[in-house]
Amino acid sequence: MITGKKMGAGLLSAALVIGVIGCGSSEDKETNTASKGTDTTSSSETSSSKTEKVKITYSMWGSAEEGSVTQAVADKFNASQDRIEVEVVSIPWETYMTKLNTQATGGQLPDTGMLKEDGVIQWSSEGMLNDVSAMYEGSDSKPLDSLAYKYQGKTVAYAAANEILLLYYNKDMFDKAGVAYPPSVLDQAWTWDEFVAAAKKLTVDKNGKHPDEEGFDANGIVQYGASVENLPWQLETWTLSNGGGFYSTDGTDVRIGEDASIEAIQKVADLYLKDHVAPLSVGQTDDGIQRTIIAGTVAMATNGAWNVGTSLNTAKEEGLNYGVAVLPYMKEKVTLNTGGANVVFSQTKHPKEAMEWLKWYNSEENNWGLISSGIWMPTLQKWYTDEALTRKWVENPNFPPYEEYKSAVVDYAQSSAARPASWFFTNYTTDFNTLLGSVLGDVWTGKTTAKDAITKNLDALKAAHTGNK
Amino acid sequence: METIHKPLKRRSRYNSSEARVAYICLIPAFLGLFFLTYAPLLGVLGISLTNWTGLKSPQFIGFDNYVQLFTTDPYIKDSIIATIYFAFLSVIGSMVYSFFIAMLLNRKIPARGLLRAIFYVPFVLPAAAIYVGWSWLYEANFGFFNFLLSQVGLNKVLFIADSSYVVPSLSLISVWLSGNLIVIFLAGLQNVPGVYHEAAEMDGAGAWKRFIHITLPSMSPIIFYNLLMSLIANLQVVTPALALTNGGPGNSSRFLTYLMYDQAFVNYKLGYACATTFVIFAILAAFTAVLFKTSSRWIYNEGGDDK
């Protein structure tokens, strides 16, 4: 029994030791990270007192390599003046917003950083962002008006990049079918009916027949004429174009239940269901261009300008002969602007310095890699209005021919057709878009109509728009 | 009396010290369970009673999240149905499929080792590759299955693009992936005593009778284990929704775990997501409890009366 007790005590103490070590190490880790956090602030304070430089951190999504590229840019800024020292923190895209949320809870946010489009108004409404209206005061060139995120009338962020929605097309397919290319000039934009008519000529079944011909086999289509991206946020374009919309212009009311909005969505669905010119897509995955233009199965497809640099440039090198055009329209000519935001967090002690850095960093020279590859479009107006700058931007092998891109993208982006996507001024767009995507699931396959689906769920959609509160 | 009493006492002492050692040895495991499982579970329960979004400090709102979940939430009902439907198809499908394959692989057939490897391989393939591959097979417009259908003159099937076919389609992948069950069944089958079969064969029992009266009862503990594991895994399904369908079309593949992920890490409604987590936990617990309750009726235990 004595031995038993001793053994027991020994084991118990061993267990305790293990337990203590376990706890100790986890505590150590916590204090480590915590002290890391305080280190940056304390060292920034000490360094500012020593060298009189204010240290600010800028967070971005991307890999460690992308982070070091941006740090190299920041180092240029750091060397260019003696008041501000910028440190870049890169966080992988998948965990970026989660990490920022955690940091916000702990009061450990960076001074400034990127923020996902649909998070800006939410963060702003929770008081997490600074007003940046004053950022471009007295500057020679401002960002395009459609690129300002606005909450309660105040500018709370500018987009880090510009993107608009376009119509891409496969020139070889058009040449083969003897159909005129879609117009790259806004004044000549196709109406929806012209667009559908062209798409019919470009849709071919295995016997070479088109949708309005006798004996056409909708089950044996080998080439589709058109694909209109039906991710929920992009559908807003068509509701606006048809005189409806997702929301009222100030973002307060939901307009998706209006006939014009419903009709627009049904027209997009009918491209597959009735016109037989589009492949089926249920609007859930963000790979539209890969599935259509790059796969070589569809003649025309709508999607964002970023595709020029993320996928079409490679396809072009491999022989894809594609062009860009303005979107067709129903009643009004509309395309959407978007772009992830650069924000100044309200937890920062140095908002002025943070804005100065952002303003410097957002000048196009510093993001030249992304811009010249075609992934980002510049945000500052002068790149759209000064031809020398436009040529510098567009005349490179990553882009479609200059005249075409200049007209269908550069001019289009600063035209009256370009409107900010709703997350520039509305909260809870993720809730709304997720629900809309789910509501429309059976509309694309024709099991129900847009009218039925939306009317039945209108209350839920309205609730989603207010964050279900 | 003394003489009898003494050894008894010693025996009980021995027993109690043995118990003590056992308890002490269990401490590390208990600590792990407590801090890694039960404490977080309590934490989730606590957070589920708040409106925490991760940005502001949480406010206690009682059972509002649960009330909202069961009154106004547009997804939860479809989500529960989709999850149970998927788990039902996948569990039944993979149990029957893997038992059948294990029986085949247990016979003396040529290239048995190679075949065993072939049926196990899907289980160890990286999930991303698997789902990209299946998405090509299932694609509604130009997918391989639709190509085959068109070759034999049949109409297209939309598979994962159609809300009626998406869950069966995803279940099929899950069944195909059940190589781990095959391995466990195979190990069990190899432990079914050959003498029983020989004896039954002498008594004139045919293959079917021997399967029903010998193989199945002998395998019942293994079947129970696989059933339980498969049920829990399939009720927690999330990968196909994340990799292939994003919950669609409609809500037809918005499985509970996917719904929870969406609430927590897309919409950052952490309190609300924790409430959903507890609903998932309750559903899992209910199914597991039913399985355990009914198990004593059909599990054949060869030795020992401890349960």
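This presentation describes a predicted model, beginning with chain A as a whole and ending with a few of its elements.

Let me start with the overall composition. Chain A has 469 residues, and 48% of them are buried. The chain contains 19 helices together with 13 strands. If we take the contacts in chain A between residues at least 6 apart in sequence, 73% of them join residues at least 24 apart.

How is chain A divided into domains? Domain 1 covers residues 47–162 and 340–387, while domain 2 covers 163–337 and 428–465. Each domain is therefore written as two segments of the sequence. The centres of the two domains of chain A, taken over C-alpha atoms, are separated by 33 Å. Where the domains meet, 9 residues of domain 1 are in contact with 10 residues of domain 2. On the domain 1 side, the touching residues comprise 4 nonpolar, 4 polar and 1 charged.

I turn now to the partner chain. In the contact between the chains, chain A takes part with 40 residues and chain B with 39. Several helices of chain A give two or more residues to this side, namely H1 (2–51), H3 (96–105), H16 (429–439), H17 (441–444) and H19 (458–465). Which of them gives the most? That is H1(A), with 8 residues. By class, the side of chain A that touches chain B divides into 16 nonpolar, 20 polar and 4 charged residues.

Next, I would draw your attention to strand S11 of chain A, residues 335–338. In a regular strand, side chains alternate between the two faces of the sheet. Are the faces of S11(A) covered or open? Both are covered: A:Thr335 and A:Asn337 are buried on one side, and A:Leu336 and A:Thr338 are buried on the other. S11(A) also has strands paired with it. Strand S6 of chain A, residues 163–170, runs antiparallel to S11(A) and is joined to it by 2 bridges. Within this pairing, A:Ile164 has A:Asn337 as its bridge partner. Strand S13 of chain A, residues 418–420, runs parallel to S11(A), with 3 bridges between them. Here A:Leu336 is partnered by A:Arg419.

From the strands I move to helix H10 of chain A, which spans residues 307–317. Its buried residues are A:Asn307, A:Val308, A:Gly309 and A:Leu312. Why do we place these residues on the same side of H10(A)? The reason is that they cover an arc of only 140° around the axis. On the other side of the helix, A:Thr314 and A:Glu317 are exposed. What do the buried residues of H10(A) pack against? They pack against S6, helix H9 (288–294), strand S9 (298–304) and strand S10 (322–325) of chain A. S6 thus appears twice in this account, since it is also joined to S11(A) by bridges, as S6 and S11(A) run antiparallel. Just after H10(A) comes A:Gly319, which takes a positive phi of about 110°.

My last point concerns a single residue, A:Glu387, located in helix H14 of chain A, residues 387–394. Is A:Glu387 buried or exposed? It counts as exposed, because it has 10 C-beta neighbours inside 10 Å, and the cut-off for an exposed residue is 12 or fewer. A:Glu387 lies 19 residues from A:Lys406 in sequence, and the two are 9.6 Å apart in space, C-alpha to C-alpha.

Technical notes:
Residues numbered from 1 in each chain as written. Chains lettered and ligands numbered in written order. Predicted model: local features only at pLDDT ≥ 70, side-chain atom pairs only at ≥ 80, totals over all residues. Contact = placed C-beta atoms within 7 Å. Nonpolar A, V, L, I, M, F, W, Y, C, P; charged D, E, K, R; others polar. Helix = DSSP H or I, 4+ residues; strand = E, 2+ residues; numbered from the N terminus. Buried ≥ 20, exposed ≤ 12 C-beta atoms within 10 Å, placed from the backbone. Arc of directions from axis to C-beta.
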